[in-house]
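Me: I'm new to this one and would like a short walk through it. Can you show it first?

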Amino acid sequence: MPTRLAPIEERLHMTLPEARIEATQLPGVKDLQLALINADFSTAPLAPSTMRAVIANPAYWAFCWGSGLATAIWLQAEPQLVADKVIADIGCGSGIVAIAAARAGAREVFACDIDDNARLATKINAELNGCSVNVCSDIDELPHHLDQVWMADVLYDRSNLPLIQQIKNRAETVIISDSRVSDLEDEDFEVVHRAEALTFPNLGEFDEFRRVQFFRYQR
Ligand SMILES: C[S@@+](CC[C@H](N)C(=O)[O-])C[C@H]1O[C@@H](n2cnc3c(N)ncnc32)[C@H](O)[C@@H]1O
């Protein structure tokens with residue numbers, strides 16, 4: 001494993017000592033690699049103590065979630081969506097959306113995550129792809145005015161719903177992509193894009209989670 005990936009493998013080992021971090025090319029995305037959990041990681045039931053550790057500190061950042069992957073594919077096909085814009089990726093995890101936006105020509109990119117490990121993974125993944133991403137832990141640390149905010153697969157936790165109003169107050173455009181939420185129940189948003197993608201490496205998710213919808217709000 002390259003030395004620069006060692007710090008995030010150490011973090012992964014705090015909950016999953018058998019797993020490894022590998023730099024992996026993403027399916028369907030050209031020339032973009034992420035340091036993620038090894039593709040052949042064991043999906044066997046975890047020992048109760050390991051399970052408790054994983055629940056307490058889930059390594060979401062060690063996977064590229066379906067909505068993040070679908071966003072990267074869309075931005076590669078249509079870079080003009082973000083070109084020359086100041087954007088933020090909320091709930092960045094591995095940093096996939098931030099990195100895809102930077103690679104598509106966004107002028108300045110911010111990535112925000114409450115998880116310290118995700119922020120470290122995003123920094124390392126940005127370096128791996130030769131791009132510049134500003135990382136922060138709270139949306140209050142973001143610039144007051146952003147052209148766009150992207151948020152991919154963050155609404156699995158319904159307690160994050162209030163984030164929607166907070167980000168609407170800060171950006172001209174908000175694009176929420178989600179594989180778990182079929183109706184955002186906010187009339188200010190319209191579905192502007194649909195795609196199919198699964199979390200990578202494969203988590204063995206149900207097929208219904210393959211459908212990703214992109215909801216857009218424009219001020
Ligand atoms: C399922 S992962 C998705 C990661 C990435 N967007 C992707 O598509 O691969 C959700 C991420 O959102 C982060 N998160 C959850 N609630 C958050 C909040 N209120 N503010 C910022 N990040 C949050 C989690 O720590 C996690 O990294």
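Reply: What follows covers the ligand's surroundings and then the cavity, in a predicted model.

Me: How many residues surround the ligand, and which are the closest?

Reply: The ligand has 17 residues around it. The closest are Trp-65, Gly-91, Asp-113, Ala-152 and Asn-160.

Me: What does Asp-113 do there, in terms of distance to the ligand?

Reply: Asp-113 has a polar side-chain atom 2.6 Å from an oxygen atom of the ligand.

Me: And how far is Ala-152 from a nitrogen atom of the ligand?

Reply: The distance is 2.9 Å, and on the Ala-152 side the atom is a backbone N or O. Ile-114 also comes in through its backbone: a polar atom there is 3.5 Å from a nitrogen atom of the ligand.

Me: How much of the ligand does the protein bury?

Reply: The protein buries 93% of the 600 Å² that the ligand exposes when taken alone.

Me: What kinds of residues make up that shell?

Reply: The shell around the ligand has 10 nonpolar residues, four polar ones and three charged ones.

Me: Changing topic. How many cavities of 30 Å³ or more does the structure hold?

Reply: One. The largest cavity has a volume of about 30 Å³.

Me: Which residues line the largest cavity?

Reply: Its lining consists of Arg-11, Leu-12, Thr-15, Asn-57, Ala-59, Trp-61 and Asn-117.

Me: How does that lining split by class?

Reply: Three of the lining residues are nonpolar, three are polar and one is charged.

Terms used
Residues are numbered from 1 along each chain as its sequence is written. This is a predicted model: local features need pLDDT of at least 70, side-chain atom pairs count only at pLDDT 80 or more; totals for chains, interfaces and linings use all residues. Side-chain values use heavy atoms; hydrogens and water are left out. A residue is near a molecule or strand if one of its heavy atoms lies within 4 Å of it. A polar contact is a pair of N or O atoms within 3.5 Å; within protein, one must be able to donate a hydrogen and the other to accept it, and residues adjacent in sequence count only if both atoms are side-chain atoms. Accessible areas come from the Shrake-Rupley method with a 1.4 Å probe; for residues, only the protein chains shown count as cover. Ala, Val, Leu, Ile, Met, Phe, Trp, Tyr, Cys and Pro count as nonpolar, Asp, Glu, Lys and Arg as charged, and the others, Gly among them, as polar. On a 1 Å grid over the protein atoms alone, a cavity is a set of points where a 1.4 Å probe fits but cannot get out, and a pocket is an open set with protein on both sides within 12 Å along at least five of seven lines; lining residues have an atom within 4 Å of a point. Grid points are joined across faces, edges and corners, and a volume is the space filled by probe spheres set on the points.
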